[in-house]
Amino acid sequence: MGVSGSRGHCYTWRVMTEYEPVIGLEVHAQIRTRSKMFCGCPADYHDAPPNSHVCPVCLALPGSLPVINREAVRAVIMTGLALRATIAEHTKFDRKNYTYPDLMKGYQISQYDLPICTGGYLEFDLDGQTKRVGITRVHLEEDVAKLFHRIDPATGEPYSLVDVNRSGVPLMEMVGEPDIRSAEEARQYLMKYRAILQFLGVSEGNMEEGNFRCDANVSIRPKGSREYGTKVEVKNMNSFRAVYRALQFELERQARLLDGGKRVAQETRGWVEERGETVSMRSKEHAHDYRYFPEPDLPPLHISRAWVSEIAERTPELPDEKRARYVTHYGLSAYDAAMLTLAPATARFFEGVLEAGGDGRAAAIAKPAANWIITEFGRLLNDTRTQIEESNVKPAHLAELIGLIEQNVIGTAQAKTAFEEMFRSGKTAKAVVDELGLRQITDSGALADSVRQAIAQYPQAVDDFRKGKDAASKFLVGQVMKLTKGKANPTVVAQVVKEQLEALR
Ligand SMILES: [Zn+2]
């Protein structure tokens, strides 16, 4: 049974009022480099045939020697700087030994006691408050092979396939402090971390595709207690929504156990999306001893301060910096600025619209541009599951549309119609406005007939106006808008209506 109905709500409430959730996340992000972490195999294995990106180094065949990928180290340093972490001068790689089919080598090259980054913090906004979560460490390791679990249709026997293309792809592990206090905080924290990695260009951050993965350590304790409860590790969460649902489920499950006088077992649980619950995978009593020892095939790594400063100087603008700039330079609201800086593609689109708008006009079109991107555009992208960078609408198209509205060529209603057509067809704003005949009628002479027609049709409105009812003229404006199928400029209509009514007084 999933958490639903009144029972679930009751426990959501109990978790909030009686208990304090304590959540720490471990996030693995694949680093976007050309080659793998310790060899020359291509790191990008999208669309590659299984087991095609492989060499003696990824398989640790005897006699092969790994070489550290400098670009991957640079990416971790850049991430550490963004998280205000301390970048180690002396760091090293270690072997983490375990046997599992996804690890043909029998060990994974990782970092144990001397990670590249330690300390630091990540901040995110929730309900108008800035929340800070401490960072324990960020280290570099290699990804493992991918397993595909199948069932033989003939015998019904389960079997697994191994694809080593992913083996050795640079993987950055970030371990956070257990400062997170709710499932929603966990989701916001993760989204913020992903945004930072995407803005830095170090990772794609795609949870569904598995290049951004998260495990959580979850426990609860009675409110006010200083001791930690027994923690449960939750795995297999493949989307931000899954993280939220899995943690919410787990917190409620633990609260029910404690309420019932039972104890929480220390174990690893996996989130099962279809069932909406976490299930036990293994108890911690069988925890591995990884027998870490320094990687004998790699020298310790010295990170010079000069290199760190060089990386700091070349770090791209971070989402928080961008957001602050949008508020101070363009007068956007904090909310709009935050929405536009959730992902680099959105920020790029917004900045593209300002650029296309022309010199010195950025501040003037920033607000309408933000509105269009967040509301109409956002809705259409969502409805059609389209990424903004893949949309038919280009920044220059939106800049043109905003220009047409400013110049009163089209009204708001027509602009929405035009935008939908632009989104569908990829045509420019001007082309769509002409094709659909959306141009506004702003000529008072051309509108005079429609106004006369409306007045003749509704003599009562004229009487009302004479009696001093202002609503009467508004009513007539509405009728003229109907007669012109919304194409009349309402300001001009109001003016003509007023003139004709005054003449009849
Ligand atoms: Zn290789």
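How do the residues of the lining of the second largest cavity divide into nonpolar, polar and charged? Five are nonpolar, one is polar and two are charged. The legends below take us there by way of the zinc ion, in what is a predicted model.

**Figure 1. The zinc ion and its cysteine donors.** Welcome to the metal site, where the SG atoms of Cys39, Cys41, Cys55 and Cys58 are the protein donors of the zinc ion. These atoms lie 2.1 to 2.3 Å from the zinc ion. The angles among the four donor atoms run from 104 to 118°, and the site is tetrahedral. Along the chain, the donors follow the spacing C-x1-C-x13-C-x2-C. Cys39 and Cys41 are both buried.

**Figure 2. The second largest cavity, with two zinc donors in its lining.** The structure holds two cavities of 30 Å³ or more, and this one encloses about 40 Å³ of space. Look for Cys39 and Cys58 in its lining, together with Met37, Phe38, Val57, Lys105, Glu142 and Gly168. Cys39 will be familiar as a buried residue and as a donor of the zinc ion.

**Figure 3. The largest cavity, with Cys58 in its lining.** Here the enclosed space is about 60 Å³. Cys58 and Leu59 help to line the largest cavity, as do the runs Asp102, Leu103, Met104 and Lys105, then Glu142, Asp143, Val144 and Ala145, and finally Ser167 and Gly168. By class, this lining has six nonpolar, two polar and four charged residues. Readers coming from the previous view may recognise Cys58, Lys105, Glu142 and Gly168, which line both cavities.

**Figure 4. The second largest pocket, between domain 1 and domain 2.** Now we move to an open space with a volume of about 1,600 Å³. Of its 32 lining residues, Arg194, Ala343, Thr346, Thr386 and Gln387 are the closest to the centre. Helices H3 (183-200), H4 (240-259), H8 (344-357) and H9 (362-383) are the elements that each give two or more residues to the lining. H9 provides the largest share, five residues. The lining divides into 11 nonpolar, 11 polar and 10 charged residues. Because domain 1 (5-305) and domain 2 (317-435) both contribute to the lining, the pocket lies between them.

**Figure 5. The domains of the protein.** To set the close-ups in context, the domain assignment gives domain 1 (5-305), domain 2 (317-435) and domain 3 (444-504). Taken over C-alpha atoms, the centres of domain 1 and domain 3 are separated by 66 Å.

Methods. Residues numbered from 1 in each chain as written. Predicted model: local features only at pLDDT ≥ 70, side-chain atom pairs only at ≥ 80, totals over all residues. Heavy atoms only, no water. Donors = N, O, S within 2.8 Å, 3.2 Å for Na, K, Ca; no water. Tetrahedral: all angles 85-135°; square planar, octahedral: opposite > 155°, others 65-115°. Buried < 20%, exposed > 50% of the residue type's maximum accessible area, 1.4 Å probe, protein only. 1 Å grid on protein atoms, 1.4 Å probe; cavity = no way out; pocket = protein on both sides within 12 Å on 5 of 7 lines; lining within 4 Å. Points joined across faces, edges and corners; volume = space filled by probe spheres on them. Helix = DSSP H or I, 4+ residues; strand = E, 2+ residues; numbered from the N terminus. Nonpolar A, V, L, I, M, F, W, Y, C, P; charged D, E, K, R; others polar. Domains from an automatic or database assignment.
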